[in-house]
Amino acid sequence: MSESKDVAEFLAAMPQGMGGLNEKMGIELVEISAERVVATMPVEGNTQPYGLLHGGASVVLAETLGSVGSALHAHPDRLSVGIEINATHHRSATSGTVTGTATALHLGRSTATYEVVVTDERGKRVCTSRITCALMPRERYQS
């Protein structure tokens, strides 16, 4: 098992930090390693017209967590690119903060797969997602 990495150091090394969408949604990384990534996201500002947490917001959180974990696994010679994600929405959240926890299911040479569980402040499961990222040669994306 790899050790937890420093969040600030990781973000400083990224070309655009958390990225514009994650910043707009208020996603904050709490713990990062290739095996486990944890982040929080406010419900407020990420709702659909009925005031419930938007299902797409849960998927954005899951994609972020799986992408961070796979990027840590792929570093330094490969980059991660999301290739598949799915989500099951179990219950709604209407206020407060949700927490996403990504746990590695597979850390291979060419792919990484994570299960992401999103819970509300009571610890109740809001969403379960699975994301798979392809691990691509770094030089393919350098100009």
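Ala, Val, Leu, Ile, Met, Phe, Trp, Tyr, Cys and Pro count here as nonpolar, Asp, Glu, Lys and Arg as charged, and the others, Gly among them, as polar. This is a predicted model, so local features need pLDDT of at least 70 and side-chain atom pairs count only at pLDDT 80 or more, while totals for chains, interfaces and linings use all residues. Residues are numbered from 1 along each chain as its sequence is written, and side-chain values use heavy atoms, with hydrogens and water left out.

Let's start with the largest pocket (an open set of points on a 1 Å grid over the protein atoms alone where a 1.4 Å probe fits, with protein on both sides within 12 Å along at least five of seven lines). The space in it comes to about 940 Å³, counted as what probe spheres set on the points fill. Its lining (residues with an atom within 4 Å of a point) has 29 residues, and F10, M14, P15, S67 and A71 lie nearest the centre. By class, that's 14 nonpolar, 9 polar and 6 charged. Helix 3 gives the largest share, 7 residues.

Now for A112, which sits in strand 5, residues 111–119 (strands being DSSP E runs of at least two residues, helices H or I runs of at least four). A112 has a relative accessible area of 0%, so it is buried (under 20%, with a 1.4 Å probe and protein chains only). Its contacts (heavy atoms within 4.5 Å) include S70, H73, I131 and C133.

C133 is buried too, at 0%. Its sulfur is 16 Å from the closest cysteine sulfur, in C127, so a bond is out of reach.

Key:
Buried < 20%, exposed > 50% of the residue type's maximum accessible area, 1.4 Å probe, protein only. Disulfide = S-S within 2.5 Å. Lists of a residue's contacts leave out its neighbours within four places in sequence.
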